[in-house]
Amino acid sequence: MKAKKGIVISSKGEKTIVVEVRRMKKHLRYHKRFLVSKKYKVHDEENKFRVGDEVSFVDSKPFSKDKKWVVKK
């Protein structure tokens with residue numbers, strides 16, 4: 001199971017939160033480091049996470065077309 005950590009940027013959906021994961025990447029030729037971010041739709045069964053919370057989540061069975069992650073307990 002892959003586990004990721006990120007910050008909640010939206011909690012408007014019913015049982016769904018949007019989590020942004022940021023990481024540093026290094027350019028292959030110029031070796032400069034830069035920030036890359038990606039957004040994941042995560043299933044939150046209890047609707048307990050709000051914007052700004054740091055959450056950990058793991059992959060799971062698909063809940064919908066885009067939602068394939070669930071909050072780690």
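**Close-up 1. The side chains of Arg 22 and Glu 20 are joined by a salt bridge in this predicted model.** Between the nitrogen of Arg 22 and the oxygen of Glu 20 the distance is 3.6 Å. The two partners sit in unlike surroundings, for Arg 22 is exposed, with a relative accessible area of 55%, whereas Glu 20 is buried, with a relative accessible area of 17%. Side chains of opposite charge can pair in this way when their charged atoms come close. A search of the whole structure finds four salt bridges, and the pair of Arg 22 and Glu 20 is one of the salt bridges shown in these views.

**Close-up 2. Lys 15 and Glu 45 form a salt bridge, with 3.1 Å between their closest N and O atoms.** This pair links distant parts of the chain, since Lys 15 belongs to the loop between β1 (3-10) and β2 (16-26), while Glu 45 belongs to the loop between β3 and β4, and the two are 30 residues apart. Lys 15 is partly exposed, its relative accessible area being 30%, and Glu 45 is also partly exposed, with a value of 46%.

**Close-up 3. Glu 46 and Lys 48 meet through their side chains in a salt bridge, and Asn 47 is found in the loop between β3 and β4.** The N to O distance for Glu 46 and Lys 48 is 3.7 Å, and both of these residues are exposed. Asn 47 is partly exposed, with a relative accessible area of 27%, and its phi is near 55°, a positive value in a residue other than glycine. Most residues other than glycine have a negative phi.

**Close-up 4. Asp 44, in the loop between β3 (33-43) and β4 (54-59), is buried yet has no salt bridge.** The nearest side chain of opposite charge is that of Arg 50, at 5.9 Å, which lies beyond the 4 Å within which a salt bridge is counted. The side chain of Asp 44 does, however, reach the backbone nitrogen of Phe 49 at 3.4 Å. When residues up to four places away in sequence are not counted, Asp 44 touches Lys 15, Thr 16, Ile 17, Phe 49 and Val 71.

**Close-up 5. Lys 67, in the loop between β4 and β5 (69-71), is another charged residue that is buried yet has no salt bridge.** For Lys 67 the nearest side chain of opposite charge is that of Glu 45, 7.7 Å away. With its neighbours within four places in sequence left aside, Lys 67 is in contact with several residues, including Lys 15, Thr 16, Lys 41, Val 42 and His 43. Lys 61 and Pro 62 are also among its contacts.

**Close-up 6. Five strands close into a barrel in the order β1-β2-β3-β5-β4, with mixed pairing.** From one strand to the next, the twist averages 50°. β1 and β4 pair in the antiparallel sense over five bridges, and Ala 3 stands opposite Val 58 in β4.

**Close-up 7. His 31 has its place in the loop between β2 and β3.** Although it is not a glycine, His 31 has a positive phi of about 60°.

Conventions. Residues are numbered from 1 along each chain as its sequence is written. This is a predicted model: local features need pLDDT of at least 70, side-chain atom pairs count only at pLDDT 80 or more; totals for chains, interfaces and linings use all residues. Side-chain values use heavy atoms; hydrogens and water are left out. Helices (H or I, at least four residues) and strands (E, at least two) are DSSP runs, numbered from the N terminus. Buried means under 20% relative accessible area, exposed over 50%, partly exposed in between (1.4 Å probe, protein chains only). Lys and Arg count as positive and Asp and Glu as negative; His and the chain ends are not counted. A polar contact is a pair of N or O atoms within 3.5 Å; within protein, one must be able to donate a hydrogen and the other to accept it, and residues adjacent in sequence count only if both atoms are side-chain atoms. Contact means heavy atoms within 4.5 Å. Two strands pair if DSSP finds at least two bridges between them. Axes are lines fitted to C-alpha atoms, for helices over the stretch in contact, and angles run from 0 to 180 degrees between N-to-C directions.
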